[in-house]
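Reader: Could we go through this structure together? I would like to begin with the overall fold and then turn to the packing.

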Amino acid sequence: MAAAGSGFDDPSADVLADAAAAFGLLASPARLHIVWALAQGESDVTGLAARVGGALPAVSQHLTKLRLAGLVRARREGRRQVYFVDDPDVVDVVRLAVTRLGARADRTDLPTPRLRGL
């Protein structure tokens, strides 16, 4: 169904549900930071924990959730698991959101919108 006057079709309920689930997972600052870090390059859980400033067990749990959702994947290298984002669309969305919000925060002439409490 096309939105009135827009020329765009509305996504199906299944697509909206999948998108909401992905955004729900990325709504955690820790998981968003992990995906951001992995968008820059592969890492094992120890490297990610050091980079994002999280405890190893917590980062491992976040990675498990991201893997189950299909947002990140892992491969074995010897005794360690190396994690990476396998979906370029997820990388694009995360980079766009973080970069744009960061640019807004850097501009002192504009008030920074607060999205909390919506």
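Author: The conversation below goes from the chain as a whole to its helix contacts and then to single residues. Please note at the outset that this is a predicted model.

Reader: Fine. How many helices and strands are there in the protein chain?

Author: The protein chain has five helices and two strands. Their order along the sequence is α-α-α-α-β-β-α.

Reader: And what percentage of the residues counts as buried?

Author: The protein chain has 118 residues, and 23% of them count as buried. The exposed surface of the protein chain comes to about 8300 Å², with 57% of it supplied by carbon and sulfur atoms.

Reader: What share of the contacts joins residues 24 or more positions apart?

Author: Among contacts in the protein chain with a separation of 6 or more, 46% are between residues 24 or more positions apart.

Reader: Let us move to the helices. At what angle do helix 2 and helix 5 pack?

Author: Helix 2, residues 29-40, packs against helix 5, residues 88-106, at an angle of about 110°, and their axes are 10 Å apart. Because angles of 65 to 115 degrees count as roughly perpendicular, helix 2 is roughly perpendicular to helix 5. The crossing of helix 2 past helix 5 is left-handed.

Reader: Which residues make that contact?

Author: From helix 2, the contact takes in Leu32, Val35, Trp36, Ala39 and Gln40. Helix 5 contributes Val90, Val91, Val94, Arg95, Val98 and Thr99. By class, the contact of helix 2 with helix 5 consists of eight nonpolar, two polar and one charged residues.

Reader: Next, helix 2 and helix 4: at what angle do they cross?

Author: Helix 2 and helix 4 cross at roughly 75°, and their axes come within 10 Å. At that angle, helix 2 is roughly perpendicular to helix 4. The participants from helix 2 are Ala30, Arg31, Ile34, Val35 and Leu38, and those from helix 4 are Val59, His62, Leu63, Lys65 and Leu66. This contact of helix 2 with helix 4 comprises seven nonpolar, one polar and two charged residues.

Reader: And is the crossing of helix 2 and helix 3 left-handed or right-handed?

Author: Helix 2 and helix 3 form a right-handed crossing. Helix 3 covers residues 45-52; the axes of helix 2 and helix 3 cross at roughly 115° and come within 10 Å. His33, Ile34, Trp36, Ala37, Leu38 and Gln40 of helix 2 meet Leu48, Arg51 and Val52 of helix 3. In the contact of helix 2 with helix 3 there are six nonpolar, two polar and one charged residues.

Reader: Let me turn to single residues. Where is Val35 placed, and is Val35 buried or exposed?

Author: Val35 belongs to helix 2. Its relative accessibility is 1%, so Val35 counts as buried. Leaving out residues up to four places away in sequence, Val35 touches Leu26, Leu66, Val85, Val90 and Val94.

Reader: Leu66 is on that list. What else does Leu66 contact?

Author: Beyond its neighbours within four places in sequence, Leu66 is in contact with Arg31, Ile34, Val35, Leu71 and Val72. Leu66 lies in helix 4, residues 56-68. With 0% relative accessibility, Leu66 counts as buried. Leu66 and Arg31 are 35 residues apart in sequence, and their C-alpha atoms are 7.7 Å apart.

Reader: Now the strands. In which strand is Tyr83 found, and why does Tyr83 count as buried?

Author: Tyr83 is in strand 2, residues 80-84. Tyr83 counts as buried because its relative accessibility is 9%, and buried means under 20%.

Reader: What does Tyr83 touch?

Author: Not counting residues up to four places away in sequence, Tyr83 touches Leu38, Glu42, Ser43, Asp44, Val45, Leu63, Arg67, Arg73 and Ala74.

Reader: How far apart in space are Tyr83 and Leu48, and how far apart are Val35 and Tyr83?

Author: From C-alpha to C-alpha, Tyr83 and Leu48 are 9.2 Å apart, with their positions 35 residues apart in sequence. For Val35 and Tyr83, which are 48 residues apart in sequence, the C-alpha to C-alpha distance is 9.8 Å.

Notes: Residues are numbered from 1 along each chain as its sequence is written. This is a predicted model: local features need pLDDT of at least 70, side-chain atom pairs count only at pLDDT 80 or more; totals for chains, interfaces and linings use all residues. Side-chain values use heavy atoms; hydrogens and water are left out. Helices (H or I, at least four residues) and strands (E, at least two) are DSSP runs, numbered from the N terminus. Buried means under 20% relative accessible area, exposed over 50%, partly exposed in between (1.4 Å probe, protein chains only). Contact means heavy atoms within 4.5 Å. Accessible areas come from the Shrake-Rupley method with a 1.4 Å probe; for residues, only the protein chains shown count as cover. Axes are lines fitted to C-alpha atoms, for helices over the stretch in contact, and angles run from 0 to 180 degrees between N-to-C directions. Angles under 35 degrees count as roughly parallel, over 145 as roughly antiparallel, 65 to 115 as roughly perpendicular and the rest as oblique. A crossing is left-handed if the near helix is turned anticlockwise from the far one by less than a right angle, and right-handed if clockwise. Ala, Val, Leu, Ile, Met, Phe, Trp, Tyr, Cys and Pro count as nonpolar, Asp, Glu, Lys and Arg as charged, and the others, Gly among them, as polar.
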